[in-house]
Amino acid sequence: MDTSMRSAACGNLEKQTQKPKPKPNWTNGSKMDSTEFRKRGMEMVEYICTYLETLNERRVTPSVEPGYLRHLLPSEAPHEPEDWDQIMSDVEDKIMPGVTHWQHPRFHAYFPAGNSFPSILGDMLGDGIGCIGFSWAASPACTELETIVLDWLGKAIGLPDHFLALKEGSTGGGVIQTSASECVLVTMLAARAQALKRLKAQHPFVEEGHLLCKLMAYCSKEAHSCVEKAAMICFVKLRILEPDENASLRGQTIYEAMEEDELQGLVPFFVSTTLGTTGSCAFDNLPEIGKQLERFPGVWLHVDAAYAGNSFICPELKPLLKGIEYADSFNTNPNKWLLTNFDCSTLWVRDRIRLTSALVVDPLYLKHGYSDAAIDYRHWGVPLSRRFRSLKLWFVLRSYGISGLQHYIRHHIKLAKRFEELVLKDKRFEICNQVKLGLVCFRLKGSDKLNEKLLSIINESGKLHMVPASVNDRYIIRFCAVAQNATAEDIDYAWDIIVDFANELLEKEQHDELSDIINRKKQDTLAQKRSFFVRMVSDPKIYNPAINKAGTPKLSMELPSPVVSRGNAPIIRTQSSVDHNSWISWPLAFLFNSGNNEDKGNNVSLRFRHLDTNVRHSSSRRNSGAGSSPSPENELDIVSAQQEQRSPRRSPNVMRKASSSRDNPN
Ligand code: PLP
């Protein structure tokens, strides 16, 4: 081979081993123009359709470890434009393997993530228009369509007229928020502002911060954790109450808690109820709660119906909305169960001025000539900038019509009922909730551990995806009819998978139990022999039957710790009897320090229902090293009053007095 040939071959080899340099094939080399967008847009629609049509060929959940993507993608963004085909091929090869397919027919976890073609197109158009509709003037159609569509949906759900913006004489109206969590937060902020205004009028010379610490919000133990998060952000205490055996919060429970708190000098200001709880789709007793709240004028009643609220468009389900006439605000997420893509959480308020007065800031550059005549949605929520989200809801409502949406909801309920029947036919399983909508809670009759194992092996298989919940302190498995186009066959198939895994597990458990018994027997015999030998030489009881007969005195039951952990916030459990609990989420307790407290132990005295409690901030960690951030778990010691009582320093009565004098804003 001559040198020229060799170098050509080497060149070829070099060419082969060198990565082909991707060339962007759009014309100006740095950005996609409209010709290219048309082409790629059509390809993208094709890709999405194929993805959705062939979803059932994929695993429901990915089989990847945390950090998987870091190993597949470069650590820096490309300096030069890349080829679109290359980007899309990375979507399939690198992104998709890490995607959990929420639209998969065998995804039965959480609540549905709304999705439909009209909604996707609505979002696409909104993105294309790309306006930022924070005020009417910033994009009139963006604001006005939102108001109209919210009135449409509010009417379809059956909300009272005072929630509708365009109804003659109404003071209310609707708004789209990003999430149900945001709805709860802004309503709590509004309620807080109202309460502080009232308190300030009564105690004009008391600092707002002082008044703030008197405020108490309420929800059920079954309420979504976003209520607790809202309380943390609002800097208020939240009493988390025990629901009844059907996971429903009752009027009397609320009434008793609020009355007791008022006696302690606290100020009830906000109640968040749930229609369709996350755990088991239970319904708080809204008529009872609303009636009781009439005794506490000024308390804001919010109704969180993030999932279930969508179903109220069906006339036969409207009874679930009973009591709504008492509510000050109501939210539901069309992006859960109304074929609308995230984000679209709809919130209605009885009195829009009460909402916006908590959130208005009005710099000159955002003012416009129609401020008095038009709605400016920037005053209805936290962010200033807002997308044109009403477009997708408008597309959905028009494309399906209310009748189409009713059909969709009923179809999902039918599927859930079918699943419930399958479970009931197998006597090894039990149903754990009242199946009213699309969620079925079930479990194997047996221990929580057994059910944990069942769910874990099913989810590990990637064939089906469900999540657990704790209802009535029992571990249950949630099965939600979720997929837009789910069929009866999908439900039967899912049940077959569950039964297969249950058979396998129960067989294994039986086998393990048998070998456990044999092993335990062996060990017991061995241990008995050993202990008999040891005791023979050391324990007089072994020789003296009279001592044995008297038995060992029973250890007294240990009191449960009053501190339980829920998320990051310390929650103080109060207890009057075994079956009557409530908790106070006091998220910022750990921020208190000894600054204005003479007590050297950094103690903050609290008076909780049925329990005098002293929250102690241990300073050891703080002193032990720089850079350690305070955490509730590490910083709080709870010393029950019983312990305090033993101490000659203070009696519980003294504590109570001390606490109530500190609580008095005057
Ligand atoms: N409220 C309820 C009853 C829910 O079920 C959920 C979520 O499933 C939320 C609130 C929180 O919803 P988001 O994710 O929209 O904040």
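This is a short tour of a predicted model, stop by stop, with something to select at each one.

**The whole chain**

Start with everything shown as a cartoon. The chain has 666 residues, and 47% of them count as buried. Colour by secondary structure and you will find 20 helices and 17 strands. Switch on a surface next: its accessible area comes to about 34,800 Å², with carbon and sulfur atoms contributing 56% of that. If you like contact maps, here is a figure to keep beside yours: among contacts with a separation of 6 or more, 69% are between residues 24 or more positions apart.

**Salt bridges, one pair at a time**

How many salt bridges does a search of the whole structure find? The count is 32, and we will visit a few of them.

Select Glu92 and Arg58 and show their side chains. They meet in a salt bridge with an N to O distance of 3.2 Å. Glu92 sits in helix 3 (residues 84-95), while Arg58 belongs to the loop between helix 2 (34-53) and helix 3, so this pair ties together parts that are 34 residues apart in sequence. Is each partner buried or exposed? Glu92 is partly exposed, at 30% relative accessible area, and Arg58 is also partly exposed, at 23%.

Now move to Arg354 and Asp328, whose side chains form a salt bridge at 2.8 Å, N to O. Arg354 is part of helix 12 (residues 352-356) and Asp328 lies in the loop between strand 5 (300-304) and strand 6 (329-332), so the bridge links parts 26 residues apart in sequence. With a relative accessible area of 8%, Asp328 falls under the 20% cut-off and therefore counts as buried.

For the next pair, pick Arg443 and Asp448. Their salt bridge has an N to O distance of 2.6 Å. The two partners fall into separate classes: Arg443 is buried, with a relative accessible area of 3%, whereas Asp448 is partly exposed at 29%.

Then select six residues together: Asp123, Asp127, Asp343, Arg387, Arg389 and Lys392. Salt bridges with shared partners join these residues into one network.

**Around helix 4**

Select Phe37, Leu121 and Met124 and bring the surface back. These residues make a nonpolar surface patch of about 310 Å². Leu121 is in helix 4, and this leucine is partly exposed, with 47% relative accessibility.

From helix 4 (117-129), follow the chain into the loop that leads to helix 5 (140-157), and stop at Ser139. Where does this serine stand, buried or exposed? Ser139 is buried, with a relative accessible area of 15%. Show what surrounds the serine: leaving aside residues up to four places away in sequence, Ser139 touches Cys131 and Gly133.

**A charged patch to finish**

For the last stop, select Asp496, Asp500, Glu504 and Glu507. What kind of charge gathers here on the surface? The four residues form a patch of negative charge. To place the patch on the cartoon, look for Asp500 in helix 15, which covers residues 488-538.

Notes:
Residues are numbered from 1 along each chain as its sequence is written. This is a predicted model: local features need pLDDT of at least 70, side-chain atom pairs count only at pLDDT 80 or more; totals for chains, interfaces and linings use all residues. Side-chain values use heavy atoms; hydrogens and water are left out. Patches are made of residues with over 30% relative accessible area and no salt bridge: like charges are joined within 9 Å, nonpolar side chains (Val, Leu, Ile, Met, Phe, Trp, Tyr) within 5 Å. Accessible areas come from the Shrake-Rupley method with a 1.4 Å probe; for residues, only the protein chains shown count as cover. Lys and Arg count as positive and Asp and Glu as negative; His and the chain ends are not counted. The place of a charge is taken as NZ of Lys, CZ of Arg, CG of Asp or CD of Glu. Helices (H or I, at least four residues) and strands (E, at least two) are DSSP runs, numbered from the N terminus. Buried means under 20% relative accessible area, exposed over 50%, partly exposed in between (1.4 Å probe, protein chains only). Contact means heavy atoms within 4.5 Å.
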